[in-house]
Amino acid sequence: IRTMENIVGKDNVLSAYEELLTYSTDSTNITNPDEIAEVVVFVENVQQVSKIMKYAYSKSKPVIARAAGTNLCGACLPKKGGIIIDFAKMNKILEISKDNLICKVEPGVVIEDLQKEVGKLDLFYPPDPSNLKASMIGGSIGLSSGGPHTFKYGATKDFVIDLEVVLSDGTIM
């Protein structure tokens, strides 16, 4: 916990049992009190993610990436303790290029917010998961969510051109 506080600041770390229990579930509402995270960490930039991953890798700690937790498939449920990295604070739309039809966003951007912003430029971002008011683009990419528009336009995976990712050893690529 101290290591995480040194990386992201004390205000960005949750470690109380009730907090851990809350973040150790998703919309399935399947909670196993014996299988909760050891710590929840809110990151604000890719360098913090890299430092956390380097630490986790050196200690063989599992890491669970979490966006909004709106999924129904258990994608953000811890099974062996570990560290939950929550991306809610990495929520900036960095760039929208009308000329290139490309936007650059952080993983915590809410899909509905992205749709509204591109709409201001008379553009359209088709993926529309049923929980788009809360779903974040990172989770949508991770699970290739879609919604009804998927039948005509494709799922999230069809709209991803490039990703900056942090590997399990902390390498940024």
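# A tour of the predicted model

S144 is found in the loop between helix 5 (137-143) and helix 6. Select S144 to begin; keep in mind that the whole model is predicted. The phi angle of S144 is near 45 degrees, a positive value in a residue other than glycine. S144 counts as partly exposed, because its relative accessibility is 24%.

**A second positive phi**

Next, select S60. Its place is in the loop between helix 3 and strand 3. Phi is near 55 degrees for S60, again a positive value in a residue other than glycine. Is S60 buried or exposed? S60 is exposed, with a relative accessible area of 67%.

**The sheet**

Now show the strands as a cartoon. Strands of a sheet pair through backbone hydrogen bonds, either parallel or antiparallel. In this model, four strands make an open sheet in the order 1-2-4-3, and the pairing is mixed. Which strands stand at the edges? They are strand 1 (13-14) and strand 3; each has a single partner strand, so one side of each is left without a neighbour in the sheet.

Start at the edge formed by strand 1. Strand 1 and strand 2 run antiparallel and are joined by two bridges. Select L14 and V40 together: V40, in strand 2, is the bridge partner of L14.

Then go to the other edge, strand 3. Strand 3 pairs with strand 4 in the parallel sense, over four bridges. Select I64 and I84 here; I64 stands opposite I84, which is in strand 4. Strand 3 also has two faces to compare: I64 and R66 are on the covered face, while V63 and A65 are on the uncovered one.

**The nonpolar cores**

Select M4, V41, V43, I52, I83 and I85. These are the residues with the most contacts inside the largest nonpolar core, which has 15 residues. Which elements give two or more residues to this core? They are helix 1 (2-8), strand 2 (39-42), helix 3 (46-59) and strand 4 (83-86). Helix 3 supplies the largest share of the core, four residues.

Keep I83 selected and display what lies around it. Leaving out residues up to four places away in sequence, I83 touches M4, V39, V41, I52, Y55, A56, K61, P62, V63 and I64. Now select V40, F42, I64 and C76. They are among the nine residues of a second, separate core. I64 therefore turns up at several stops: it belongs to this second core, touches I83 and lies on the covered face of strand 3.

**Salt bridges**

Side chains of opposite charge can pair when their charged atoms come close. The count for this model comes to eight salt bridges. Three of them are worth a stop.

Select K79 and E35. Their side chains meet in a salt bridge, 3.4 Å from N to O. This pair links distant parts of the chain, 44 residues apart: K79 is in the loop between strand 3 (63-66) and strand 4, and E35 is in the loop between helix 2 (17-23) and strand 2. K79 is exposed, with a relative accessible area of 53%. E35 is partly exposed, at 25%.

Move to K116 and E112, where the closest N and O atoms of the salt bridge are 3.9 Å apart. Both residues are in helix 4 (residues 111-119); because they are four residues apart there, about one helical turn separates them. K116 is partly exposed, with a relative accessible area of 48%. E112 counts as buried at 18% relative accessibility, because buried means under 20%. Add K133 to the selection: E112, K116 and K133 are linked in a network of salt bridges.

The next pair is D158 and K157. Their salt bridge has its closest N and O atoms 3.3 Å apart. D158 counts as partly exposed at 45% relative accessibility, and K157 counts as exposed at 56%.

**A nonpolar patch on the surface**

For the last stop, turn on the surface and select F124, Y153 and F159. What do these residues make? They make a nonpolar surface patch of about 290 Å². F159 lies in the segment after helix 6 (150-153). F159 is partly exposed, with a relative accessible area of 34%.

Notes:
Residues are numbered from 1 along each chain as its sequence is written. This is a predicted model: local features need pLDDT of at least 70, side-chain atom pairs count only at pLDDT 80 or more; totals for chains, interfaces and linings use all residues. Side-chain values use heavy atoms; hydrogens and water are left out. Patches are made of residues with over 30% relative accessible area and no salt bridge: like charges are joined within 9 Å, nonpolar side chains (Val, Leu, Ile, Met, Phe, Trp, Tyr) within 5 Å. Accessible areas come from the Shrake-Rupley method with a 1.4 Å probe; for residues, only the protein chains shown count as cover. A salt bridge is a side-chain nitrogen of Lys or Arg within 4 Å of a carboxyl oxygen of Asp or Glu. Buried means under 20% relative accessible area, exposed over 50%, partly exposed in between (1.4 Å probe, protein chains only). A nonpolar core is a set of buried Ala, Val, Leu, Ile, Met, Phe, Trp, Tyr and Cys residues joined through side-chain atoms within 4.5 Å. Contact means heavy atoms within 4.5 Å. Two strands pair if DSSP finds at least two bridges between them.
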